[in-house]
Every structure is written in C-alpha cells, then in structure tokens.
Amino acid sequence: MSSAWNASDVTPDGAAWLASAGTYPRSTLALWEERPDAPVVLPCGSVFDVVSAPAMFGRRMLDRLWDDGPGSGPVAEFRGRMLLFAAPGTAQRLPVLLEWEEWGTRDRGRDAPEARRTNAVPPLLCHGTGDAVTVPAPSERAIPAAVPAPSERTTPADPALSEGPARTGPAPTGTTAPARSATRSASRWLVAPDTRQPWLPGPEVLLWAAVRAARSAVRISIFPPADQDAKVYDVSRRR
C-alpha cells in the first residue's frame with residue numbers, strides 16, 4: 001500500500017454504539033464529552049468482538065476487504081496494532097477456521113503454495129467474551145450531550161498501562177470507506193462507526209481477508225526486487 005489510511009471521525013450515533021458495549025454507556029459518553037481525547041477500555045463479546053493484527057498485515061487485510069470484498073466494519077489503530085471490529089462470536093470461531101485452513105495444507109507439505117500462504121498469516125489476537133480493548137477517542141464534535149447517572153463511573157485507559165466474497169454493492173451500512181493520507185498516529189480511527197447498528201464482518205469474511213492478505217505477501221516475497229526502470233507484470237493470474 002502506497003499510503004496510510006487517514007483517520008476518520010466517529011459520529012454521535014457511532015459514539016453511542018461504542019458506549020453501548022460498556023456497563024454504563026451514559027458515563028462513557030459524558031467522559032468523552034468532557035475529555036474528547038481520552039481512550040476508553042470497552043468490553044468485547046456482546047456488542048462486538050475485536051480481531052487484532054500487526055499493523056502491516058492488518059492494512060493488507062483492510063485493503064482486501066475494501067478493494068475486493070464487502071468492505072469492513074469499524075477499524076482502529078492502537079499502538080502498532082490494527083483493531084478490526086467484528087460480529088460477536090468471531091473471536092471464538094475465527095481461530096478454529098484458521099486452524100482448519102492450515103490442516104488442509106498438511107498433506108501437501110510445508111513447501112506447497114497453500115502452506116506458504118497460511119504460514120504467512122501472523123498470529124491474530126481475537127478478543128471476545130471476557131476480554132476488553134482500548135478504543136481511540138472520537139472527535140469532540142462527535143459526542144452527543146449526556147448526563148450520567150450518579151452511580152455510573154467509567155475510567156479512561158491509561159496510555160502508560162495499555163498496550164471473499166466479491167463486492168456486489170455499496171459499502172455496508174454503518175461504515176465509510178477510509179480516505180488515504182500520509183498522516184500517522186499511534187491511536188486513531190481508520191474506519192469510524194457512524195450508525196447505532198454498523199455492519200460487522202463475521203469470521204468467514206475475516207478468514208477470507210487474512211488468506212488473501214497472506215497470499216499477496218507470499219507472491220511479493222518469492223520474486224527478486226525489480227529494476228527501477230523495468231516493467232513488472234503479475235504472472236500469478238496466468239492460467
């Protein structure tokens with residue numbers, strides 16, 4: 001990818017959706033209204049799961065989802081990791097699907113193209129029920145006014161302690177294709193939620209994206225660097 005995804009803004013509805021994952025949503029919204037730059041720790045498993053990938057590989061997955069697939073759900077970048085928000089249950093199912101994908105290549109040998117493809121998938125961290133993730137703060141203008149109940153409290157994350165299918169239509173409701181820019185940030189939204197019910201990919205879609213991303217990495221690595229003035233042709237599509 002020639003340039004980084006540019007950060008995008010969370011809408012008021014998107015902020016409300018994120019906050020709904022916590023025990024006290026109104027407190028989360030009130031905190032963001034007071035401190036719009038504060039990351040917040042939110043639990044996974046009920047509203048969303050999160051698949052965390054290394055930044056470079058996560059960007060390849062994101063490219064595949066938007067260039068060749070159905071798009072993505074919300075996506076954030078936090079401290080060198082790509083956080084892909086997924087449908088609840090994905091954290092439990094995706095590792096099983098990845099394991100089955102690897103089993104299918106064992107009889108062919110580790111040097112087979114299929115084996116190289118699956119071995120190129122780095123360990124993906126799947127966060128589901130019982131886990132929590134730190135999400136970047138939305139922009140100040142995205143936060144709707146909220147008056148928290150007296151008993152509600154939400155603690156912001158301490159940065160010192162935190163660590164396919166072919167596209168057949170428009171982007172899924174609840175997400176907007178990310179713009180591209182050279183801007184970089186340690187914590188930001190790349191595809192921000194913008195509705196109270198954003199579309200979330202399931203384990204099969206993310207498996208497809210991971211395999212496609214791994215395949216592209218293998219295809220790049222098996223060819224020597226090209227001369228600067230030479231034309232490069234992708235012959236992998238030749239039948």
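**A hairpin, an open sheet and a pair of crossing helices**

Strand 4 and strand 5 make a hairpin in which 2 residues lie between the strands, and Arg-79 in this turn has a positive phi of about 50°. The model is a predicted one, and the hairpin is a convenient place to begin reading it. Arg-79 belongs to the loop between strand 4 and strand 5. A positive phi deserves a remark here, because most residues other than glycine have a negative phi. Arg-79 is not a glycine, yet its phi is about 50°. With a relative accessibility of 40%, Arg-79 counts as partly exposed, because partly exposed covers the range between under 20% for buried and over 50% for exposed. The two arms of the hairpin pair in the antiparallel sense over 4 bridges, and Glu-77 stands opposite Met-82 of strand 5.

From the hairpin, the view can be widened to the whole chain. The secondary structure of the protein chain consists of 6 helices and 9 strands. Of its 239 residues, 46% count as buried. The chain exposes about 13,000 Å², and carbon and sulfur atoms supply 51% of that area.

The hairpin is part of an open sheet of 5 strands, arranged in the order 6-3-5-4-9 with antiparallel pairing. Strand 6 (residues 125–127) and strand 9 are the edge strands, each pairing on one side only. On average, and with direction ignored, neighbouring strands of this sheet are turned by 25° against each other.

The sheet can be followed from one edge to the other. Strand 6 pairs with strand 3 (residues 49–54) in the antiparallel sense over 3 bridges, where Val-51 stands opposite Cys-126 of strand 6. Strand 3 also pairs with strand 5, again in the antiparallel sense, over 6 bridges. In that pairing, Val-51 stands opposite Leu-84 of strand 5. Strand 5 itself has 5 of its 6 residues buried, so the rest of the structure largely encloses it. Past the hairpin, strand 4 (residues 75–78) and strand 9 pair over 4 bridges in the antiparallel sense, with Val-191 of strand 9 as the bridge partner of Val-75.

How many of the 5 residues of strand 9 are buried? For strand 9 (residues 187–191) the number is 4, so this strand is largely enclosed by the rest of the structure. Strand 9 is nonetheless one of the edge strands, with pairing on one side only. Part of its surroundings is helical: the buried residues of helix 1 pack against strand 9, as well as against helix 2 (25–34), strand 2 (40–43) and strand 5 (81–86).

Helix 1 (residues 12–19) is mostly covered, with 6 of its 8 residues buried. These are Gly-14, Ala-15, Ala-16, Trp-17, Leu-18 and Ala-19. Gly-14, whose place is in helix 1, has 0% relative accessibility and therefore counts as buried. Neighbours within four places in sequence aside, Gly-14 is in contact with Pro-193, Asp-194 and Thr-195. Gly-14 and Pro-74 are 60 residues apart along the chain, and their C-alpha atoms are separated by 9.5 Å.

In helix 2, the buried residues are Ser-27, Thr-28, Leu-29, Ala-30, Leu-31 and Trp-32. Their cover includes helix 1, strand 2 and strand 7 (132–135). Two packed helices are described by the angle and the distance between their axes. The axes of helix 1 and helix 2 come within 8 Å and cross at roughly 130°. This angle makes helix 1 oblique to helix 2, and the crossing is right-handed. The contact is made by Ala-15, Ala-16, Leu-18 and Ala-19 of helix 1 together with Pro-25, Thr-28, Leu-29 and Trp-32 of helix 2.

Trp-32 also leads to a further part of the chain. Ala-137, found in the loop between strand 7 and strand 8 (180–181), touches Trp-32, Pro-36, Asp-37, Ala-38, Pro-39 and Trp-189, not counting residues up to four places away in sequence. Ala-137 and Val-10 lie 127 residues apart in sequence, with a C-alpha to C-alpha separation of 8.6 Å in space.

Methods:
Residues numbered from 1 in each chain as written. Predicted model: local features only at pLDDT ≥ 70, side-chain atom pairs only at ≥ 80, totals over all residues. Heavy atoms only, no water. Buried < 20%, exposed > 50% of the residue type's maximum accessible area, 1.4 Å probe, protein only. Pairing = 2+ DSSP bridges. Axes fitted to C-alpha atoms, helices over the stretch in contact; angles between N-to-C directions. Contact = heavy atoms within 4.5 Å. Areas by Shrake-Rupley, 256 points an atom, 1.4 Å probe, with all protein chains shown as cover. Parallel < 35°, antiparallel > 145°, perpendicular 65-115°, else oblique. Left-handed = near helix turned anticlockwise from the far one by under 90°.
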